[in-house]
Amino acid sequence: AQIRYSIPEELTRGAFVGNIAKDLGTDVAKLAAANLQVLSDSDSQYFSVNVNTGVIMVSERIDREQLCGQNPRCFLHLKLAIENPVEFYRIEVEILDINDNPPEFPSDEVALRIYELASLGARFPIQPAQDPDVGTNTLQTYHLSANDNFNLNVKARTDGGKFPELVLERALDREFRAFHYLVLTAEDGGSPPQSSKIRITIQVLDANDNHPVFDRPSYGARLVENSPLGTLVVKLNATDVDEGPNGDIRYSLSSHNSAALRQIFAIDEQTGEIRVQGNLDFEEATVYEIEVEAKDMGSPTMEEHCSVVVEITDVNDNAPEVILTSFSSTLSEDALPGTVVAVIHVRDRDSGEQGKVLCHVSPDLPFQLRKDYEHQYSLLTSTRLDREHVAYYNVTVSASDQGNPPLSRHTILPITLIDVNDNAPQFEQASYEVLVAENNPVGSVLVTVSAADPDSEQNSRLSYSILRAGGTDPGLDPTRYLSIHPTNGQVTAKFPFDYEQTTYLQFHVEVSDGGSPALRNRTLVHVFVVDQNDNAPRVHFPRAGEDSATQFRISPSIVPPALITKVVAIDADSGRNAWLSYHLVEATDLGLFSVALRSGEVRIMRALQETDASAHELLVVVRDAGEPPLSTAVTLVVVVEEKGPEALQGSEARVADGGGLPSITLYLIVSLVLISTVSLVGLAALGIRCL
């Protein structure tokens, strides 16, 4: 026979299973006497029989899940053997499941990585929980904690297994929430039910779905022009809520920027710092607008743009510029005051006060600036000009701005004055005095007159000519005796001068320049002919032929120093050359007669004696004081005769003592004095002029 019992698992030791004696209908004492034995099919002895009572009890802990696993029904089989007679009874003990095991997940936590661009409806299986219990005590359902993005789907298999799945119901956004923390609860059907939980951590994997964003739509900066290289302009800040390469940002200047701007500014691709790498010039650009782009490193890349407006502040770094709109480097010296020489345009590339320009010229120059309007000046003559005083001007036009400190530029305008014939030639001397020795060679230079004309070129080319001076003897035409070189002013003699014919000559020398019309000037030239000793003395008394002698008669009783006669001579020369001296060179008796050195008087020096000759021949030499001296000899014959006084005197003696002789001597003395005085005055004037 077979007896079935049903007991729950996990009964304690000694727990009652059944009363075999009662169930078999056998007396307990009989069972004890029949040597009852309990045999088990398993290795473990889970049950025992109290032979005294016939009660089957639990002897070991029974775990249905261990014995039967997931089988819906679990049985332990026992055999009861009794002797006398031998009988076998099969006992089947059904182990009933109790809800002693909650559903258990393989781990307490599971991590999922889901791409943020995952499609809606995507399913993400979760490793199911395991519940060794069976029937209603086993896993029955799952519960998912509340969230915005996922729903739970439990997939039932044919074998009764239940597999949970997360279903994406709402798009993920890693930048909004990078991690989702869910709790999945597995619950069985026991009473009371048991459950277990697993924490699900969902990491949303980034997709490059966000472009970089600048913290400002535009940036502004202000720089001073000529800022040093490397000066920081601005530091950009862009963020990308993506992560990894998708959020790694690189900065660059947009291709929209000009090549010139790229040479001035540079950007650090890592830090976003824009720095100066070229020359900032306010005059070239007052504002720079830099287009900057920020790109992430995702695939495909995403980018964002912003503008950086850089205002350049002007500094006074530009000197004024002077531009000649009109300029003539030559100017006629007779230009009237106010004549425009140049039109000047000034500019300064700086701005504001730094771009305002003032111009001036030196007040020491005969020029002035007139401001026509804001940026134009005219250079005018302020006074009359004189090329002969200053022929060339370097006019410095100084232009200064109003910066601090001010900058200036100096422009030199070379102005050359063109000559006009406004100056007559001027002789070096108002008059010339020339001493010319008579008998001068033909063609000899008597004097060189020199004139100067401060004008230039043709206006200063001089030509000389000789004119007759007013008040001169019409018969003394200077051009007859003289000639002048037309260019060098040398006056030469055409003929030798003869002092005895011409002692003085004056004439005008006229000089004219080559201007149109020509200007002229004159100087007076005084020519003094200097005497040369070229004339020997000429005896006027006594007159005699070349080879004859003049006789004079004296009385034997003449008383010394009686005047016998007087030799009178004239020298056509003048000065020392006309100073005559008389000498008794030969005589019959040199001691008897004497001749006065200066007057030429012949006198008897002692009384005549009977032994003296009756006739005496005297040789008187008249000599001048020239160098070399010239002389003339005259022979006198003195005859001693006894006659009356009248006879003795004779006509010759009377002539010798006549009144004509003293007047001639007076004339000679006066002429000598005058000529000597004029000569001394001329020499003195010439010496002073030379000094």
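Is glutamate 510 buried or exposed, and what is its relative accessible area? Glutamate 510 is buried, with a relative accessible area of 15%; its surroundings appear in the first view below.

The model is predicted, so local features need pLDDT of at least 70 and side-chain atom pairs count only at pLDDT 80 or more, while totals for chains, interfaces and linings use all residues. Residues are numbered from 1 along each chain as its sequence is written, and side-chain values use heavy atoms, with hydrogens and water left out.

**View 1. Salt bridge between arginine 522 and glutamate 510.** The closest approach of the two side chains is 3.2 Å, N to O; a salt bridge is a side-chain nitrogen of Lys or Arg within 4 Å of a carboxyl oxygen of Asp or Glu. Arginine 522 belongs to strand 40 and glutamate 510 to strand 39 (residues 504-512), so the pair links parts of the chain twelve residues apart. Strands (E, at least two residues) and helices (H or I, at least four) are DSSP runs, numbered from the N terminus. Arginine 522 is partly exposed, at a relative accessible area of 47%. Buried means under 20% relative accessible area, exposed over 50%, and partly exposed in between, with a 1.4 Å probe and protein chains only.

**View 2. Arginine 64 and its two acidic partners.** Arginine 64 meets glutamate 65 in a salt bridge of 3.9 Å, N to O. Arginine 64 also forms a salt bridge with aspartate 97, where the closest N and O atoms are 3.4 Å apart. This second pair links distant parts of the chain: arginine 64 is in helix 3 (residues 64-68), and aspartate 97 is in the loop between strand 7 and strand 8 (109-115), 33 residues away. Arginine 64 and glutamate 65 are buried, and aspartate 97 is buried too. The structure holds 27 salt bridges.

**View 3. Open sheet of strands 1, 7, 6 and 3.** Four strands form this sheet in the order 1-7-6-3, with mixed pairing. Strand 1 (2-8) and strand 3 (37-40) are the edge strands, each pairing on one side only. Neighbouring strands are turned by 25° against each other on average, direction ignored; axes are lines fitted to C-alpha atoms, for helices over the stretch in contact, and angles run from 0 to 180 degrees between N-to-C directions. Strand 6 (residues 75-82) and strand 7 (residues 87-96) are joined by eight bridges in the antiparallel sense; two strands pair if DSSP finds at least two bridges between them. Phenylalanine 75 has glutamate 94 in strand 7 as its bridge partner.

**View 4. Strand 12 and its neighbours.** Five of the seven residues of strand 12 (residues 162-168) are buried, so this strand is largely enclosed by the rest of the structure. Strand 9 (residues 123-125) pairs with strand 12 over three antiparallel bridges, and strand 11 (residues 150-156) runs antiparallel to strand 12 over seven bridges. Valine 167 of strand 12 stands opposite arginine 123 and also opposite asparagine 151. Strands 11 and 12 form a hairpin with five residues between them, and glycine 160 in the turn has a positive phi of about 95°.

**View 5. Strand 33 beside strand 40.** Seven bridges join strand 33 to strand 40 (residues 520-530), and the two run parallel. Valine 434 stands opposite valine 527 in strand 40. Side chains alternate along strand 33 (residues 431-437): Tyr432, Val434 and Val436 point to one face and are buried, whereas Ser431, Glu433, Leu435 and Ala437 point to the other and are not.

**View 6. Nonpolar surface patch with leucine 674.** Leu666, Tyr667, Val670 and Leu674 make a nonpolar surface patch of about 420 Å². Patches are made of residues with over 30% relative accessible area and no salt bridge; like charges are joined within 9 Å and nonpolar side chains (Val, Leu, Ile, Met, Phe, Trp, Tyr) within 5 Å. Accessible areas come from the Shrake-Rupley method with a 1.4 Å probe, and for residues only the protein chains shown count as cover. Leucine 674 is found in helix 7 (residues 660-690) and is exposed, with a relative accessible area of 53%.
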